[in-house]
Amino acid sequence: MTDINSRPSAQSVDVPRKSWQALTVLLLGMFMALLDTTIVNVALPTIETSLGASEATLSWIISGYALAFGLALIPAGKVGDRIGHKWVFFAGLALFTVASFACGLAATDLQLVIARIVQGLAGGIFVPAVTAFIQLLFPGQVRGKAFAIMGAVIGVSTALGPITGGLIIQAFGNENGWRGVFWVNIPIGIVGLVAAAFLLPKRSEDEATPPSGIDWVGLVLVTTGLVALLVPLIEGQDQGWPMWTYVTLAAGVLLIAAFGVWEVRYTRAGHNPMVPPKLFTHPAFTGGTILALVYFASFTSIFFTLSLLWQSGLGNSALSSGAVMLPFAIGGIIASSQSNKLTQRLGRTVLLIGTSLVAISLIWMWLLLANTEPADLTNWKLLVPLFIGGLGNGAFIAPNAQFIVATVDRQDAGSASGVIATMQRIGSAVGIAVIGSVLFGSLNITGPDTVASGFMHAASVAMSVSAAFAVIALLLVFALPKRVDALGPPAETK
């Protein structure tokens with residue numbers, strides 16, 4: 001492996017000021033898109049009351065966003081390569097802002113779910129431009145620093161969602177507050193659009209890769225396959241698991257298998273596939289993509305569980321719910337700010353520490369929920385396990401993609417990054433679908449006096465599943481290389 005200490009330091013490389021200004025604009029958009037993955041969780045109980053939303057709808061509000069987000073990432077990246085990333089970013093950000101406005105205007109739960117799916121689609125359109133521009137605007141020596149900043153933004157935005165949502169609902173009330181959770185994106189989006197128009201480089205400056213076609217058949221197969229898997233997972237419990245749910249699950253599996261077969265044939269025909277099959281000739285990459293899916297299923301679902309428990313089950317306010325999860329945010333900010341230094345010093349061990357802390361956190365919360373009376377559960381009892389989970393998440397989020405990309409050849413790093421980002425979003429969607437089904441399936445309320453105890457039991461069961469996901473993620477970390485080159489995928493593996 002090349003000695004990274006022999007390279008010029010990031011500070012010794014002259015990077016134009018406009019490049020850093022462009023990065024600020026790009027990360028503003030990413031912050032807004034990823035904030036929306038968790039900010040809505042604390043609004044779910046008020047949305048349920050305001051719109052009369054079903055239990056399945058609450059899962060769709062989160063899962064629909066994540067799934068649409070993930071499925072748009074790879075096609076949007078290819079379109080950006082073809083026509084220029086600036087205007088793809090601009091168009092996606094504009095659509096996201098409009099969709100946020102539509103979410104806040106929703107008069108029915110169906111309207112809200114549709115607007116959320118459009119919002120997720122828009123996020124998936126503009127987010128690939130962030131990594132593309134980092135590759136294009138920053139030389140190798142500084143690129144690692146830019147990606148570390150991006151990783152910190154990812155961790156912070158996800159962690160700050162619950163408390164931000166709680167503050168908005170507290171300020172504007174339940175009816176208008178949940179709408180404000182979406183409308184907060186409008187001024188941010190407008191500022192981002194104006195800044196993007198002036199600060200992002202034009203096509204002539206960001207052209208770096210040859211244009212490639214979009215694998216539309218592959219996109220349709222994987223989309224219909226994943227939707228076929230998610231629909232019964234979300235609707236099955238609400239509908240009583242009729243026969244159609246099992247048929248649809250089986251159809252989803254077959255469609256995903258057909259997608260794999262199609263990608264192989266499409267590649268052999270000399271075309272550019274949506275997901276290059278050769279990536280999965282590296283067993284470590286396969287393990288890494290499963291790691292991305294499982295990990296994101298584990299940690300994003302805890303906000304869903306705790307928000308519903310704290311408000312619908314225990315009768316607390318949205319602000320109180322957001323405050324409960326504040327230790328997670330603080331831990332995430334602390335760890336993500338140091339993750340780049342820790343990665344350079346510890347290598348893969350930083351991921352092991354991160355997933356171990358998250359697993360400890362979720363197991364602790366599972367046992368706490370299972371063995372505590374509802375009246376005795378306070379935010380102080382959750383403070384330490386949530387802080388530990390935040391530390392672990394912050395340590396994992398920023399460097400995980402770098403280690404997974406390190407399992408493939410350098411020339412495939414771009415494709416691998418797109419696949420990993422997609423798997424992370426799909427993991428979030430699947431996690432919410434599974435945890436929502438477990439939570440509501442375990443919920444047994446026989447009268448007003450059993451609401452709190454019913455939610456406590458259901459939340460403990462759901463948290464046990466999240467903890468199981470975290471333990472599996474911990475084991476999957478061993479599939480990754482022990483160390484990575486600071487500037488790209490290394491040769492050294494496990």
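**Exercise 1.** Between which two helices does the loop that holds Trp241 lie? Then classify Trp241 by accessibility and describe its phi angle.

*Solution.* The model is a predicted one.
- Step 1: Helix H10 covers 216-239 and helix H11 covers 243-268; Trp241 sits in the loop between them.
- Step 2: The relative accessibility of Trp241 is 27%. Buried requires under 20% and exposed requires over 50%, so Trp241 counts as partly exposed.
- Step 3: Phi of Trp241 is near 50°, which is a positive value in a residue other than glycine.

**Exercise 2.** Compare the end-to-end distance of helix H1 with its expected span, and do likewise for helix H4.

*Solution.*
- Step 1: Helix H1 runs over residues 17-35 and has 19 residues. The expected span is 1.5 Å times one less than the number of residues, which gives 27 Å for H1.
- Step 2: The end C-alpha atoms of H1 are 27 Å apart, in agreement with that value.
- Step 3: Helix H4, residues 85-105, has 21 residues, and 30 Å is expected. From its first C-alpha to its last it reaches 30 Å, close to the expectation.

**Exercise 3.** Which residues of H1 are buried, which of H4 are buried, and where does Gln21 stand?

*Solution.*
- Step 1: In H1 the buried residues are Ser19, Ala22, Leu23, Val25, Leu26, Leu27, Gly29, Met30, Met32, Ala33, Leu34 and Leu35.
- Step 2: Gln21 also belongs to helix H1. Its relative accessible area is 30%, so Gln21 is partly exposed.
- Step 3: The C-alpha atom of Gln21 is 38 Å from that of Leu58, a residue 37 positions away along the chain.
- Step 4: The buried residues of H4 include His85, Lys86, Phe89, Phe96 and Cys103.

**Exercise 4.** What secondary structure does the protein have, and how does its radius of gyration stand against the globule rule?

*Solution.*
- Step 1: The count is 18 helices and 0 strands.
- Step 2: For 494 residues the globule rule gives 23 Å; the radius of gyration is 22 Å, close to that value, so the protein is as compact as a globular protein of that length.
- Step 3: Along the principal axes, the C-alpha atoms fill a box of roughly 65 × 45 × 45 Å.
- Step 4: Of the 494 residues, 54% count as buried. Among contacts between residues at least 6 apart in sequence, 83% join residues at least 24 apart.

**Exercise 5.** What do carbon and sulfur atoms supply of the exposed area, and how far apart are the mean positions of the charges?

*Solution.*
- Step 1: The protein exposes about 19,300 Å², and carbon and sulfur atoms supply 66% of it.
- Step 2: There are 24 positive and 22 negative charges, and their mean positions are 12 Å apart.

Definitions and conventions:
Residues numbered from 1 in each chain as written. Predicted model: local features only at pLDDT ≥ 70, side-chain atom pairs only at ≥ 80, totals over all residues. Heavy atoms only, no water. Helix = DSSP H or I, 4+ residues; strand = E, 2+ residues; numbered from the N terminus. Buried < 20%, exposed > 50% of the residue type's maximum accessible area, 1.4 Å probe, protein only. Rg over C-alpha atoms; globule rule 2.2 N^0.38 Å. Contact = heavy atoms within 4.5 Å. Areas by Shrake-Rupley, 256 points an atom, 1.4 Å probe, with all protein chains shown as cover. Lys, Arg positive; Asp, Glu negative; His and termini not counted. Charge placed at Lys NZ, Arg CZ, Asp CG, Glu CD.
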